Amino acid sequence: VISTLRGMAKTKITKEIIREHLEGNEIDLSLSELAVVPVKELQLFPRATSLDLSCNSLAELPDNFCALRQLIRLDLSKNQLSSLPEAFGDLNQLQKLDLFSNQLKTLPLSFSQLVNLKWLDLKNNSLEEELAETAGPCSDERECRQCAKQVVALAKSRNADRERARQQMLKKQRAQEAAVEEEERLKREDLKRQRAAEKQRRREKFLAEQVAKKRRDDGENEEAEDDDLKESKSGTTAGDGKEKGCGGGDSSG
């Protein structure tokens, strides 16, 4: 079986090959020199709740690996995994997870969703200090159970911290946006006042020009009336003189 898998690992793992290595609800693809997980083919076996991928050459898991949500037991030990997909927590039916002897430094925050996880082995990884202390030695059954409980709790705590930081960031961002909006509002109001003041200035200038024009027109009218009056008086005086002259002539005659 192993030799067959090793030979097939160099080609495509097909549905038929997987069926050959399906026993009950477990698919055993261990020791098959896999460098890529045949997720699409594995999805054809939705009743398989246990998957053994140990002792392969897996450096990463594809994102669609997290679509295998039916899995209850998963063995990824003795591979070369340096990280897990961000959505790994979608495998929330997992009860037993073996990550022994990989190259993991940290775990995705979605680990907080693995609420059914009862057993976890993280030995022989390059875990960051806090995670290593939380996981413990994982040297026996009890410690692996404790590891599962504590690592999930740590992921929940980190998720909560991230959410608080996100909320604080959103609050700060909203405050900055509000400040910018207030500044823009003040600018609009100031511009509105400037426009109103300019409009009032033009109105007052217009009215002043109208008053000045009226005064000029009134002055010109008064001058014209004065001229007419003078001409009228001048004409009257001249007429009187002529009448007197005519009267004098008659007397002398």
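**Entry 1: two Phe side chains.** I started with Phe-88 and found it buried, and Phe-111 turned out buried as well. Note to self: this is a predicted model, so what I write down is computed from it.

**Entry 2: aromatic pairs.** How many aromatic pairs does the structure hold? I got one. I then looked up its geometry: the ring centres of Phe-88 and Phe-111 lie 5.8 Å apart with the planes at 10 degrees, so I logged the pair as stacked. The cut-off for that label is planes under 30 degrees apart. Where do the two partners sit in the chain? Phe-88 is in the loop between strand S4 (73-75) and strand S5 (96-98), while Phe-111 is in the loop between S5 and strand S6 (119-121). With their positions 23 residues apart, the pair links distant parts of the chain.

**Entry 3: overall layout.** I went through the secondary structure and came out with five helices and six strands. Going along the sequence, I wrote the pattern down as α-α-β-β-α-β-β-β-β-α-α. I also checked burial for the chain: of its 253 residues, 30% are buried.

**Entry 4: a charged patch.** Next I looked at surface charge. Which residues form the negative surface patch? My list reads Glu-220, Glu-222, Glu-223, Glu-225, Asp-226, Asp-227 and Glu-231. I picked out Asp-227 for a closer look and placed it in helix H5, which spans residues 141-252. Is Asp-227 buried or exposed? Neither label fits: its relative accessibility is 42%, so I put it down as partly exposed.

Methods
Residues numbered from 1 in each chain as written. Predicted model: local features only at pLDDT ≥ 70, side-chain atom pairs only at ≥ 80, totals over all residues. Heavy atoms only, no water. Patch = residues over 30% accessible without salt bridge, like charges linked within 9 Å, V, L, I, M, F, W, Y side chains within 5 Å. Areas by Shrake-Rupley, 256 points an atom, 1.4 Å probe, with all protein chains shown as cover. Salt bridge = Lys/Arg side-chain N within 4 Å of Asp/Glu carboxyl O. Lys, Arg positive; Asp, Glu negative; His and termini not counted. Charge placed at Lys NZ, Arg CZ, Asp CG, Glu CD. Helix = DSSP H or I, 4+ residues; strand = E, 2+ residues; numbered from the N terminus. Buried < 20%, exposed > 50% of the residue type's maximum accessible area, 1.4 Å probe, protein only. Phe/Tyr/Trp six-rings, centres within 6.5 Å; stacked < 30°, edge-to-face > 60°.
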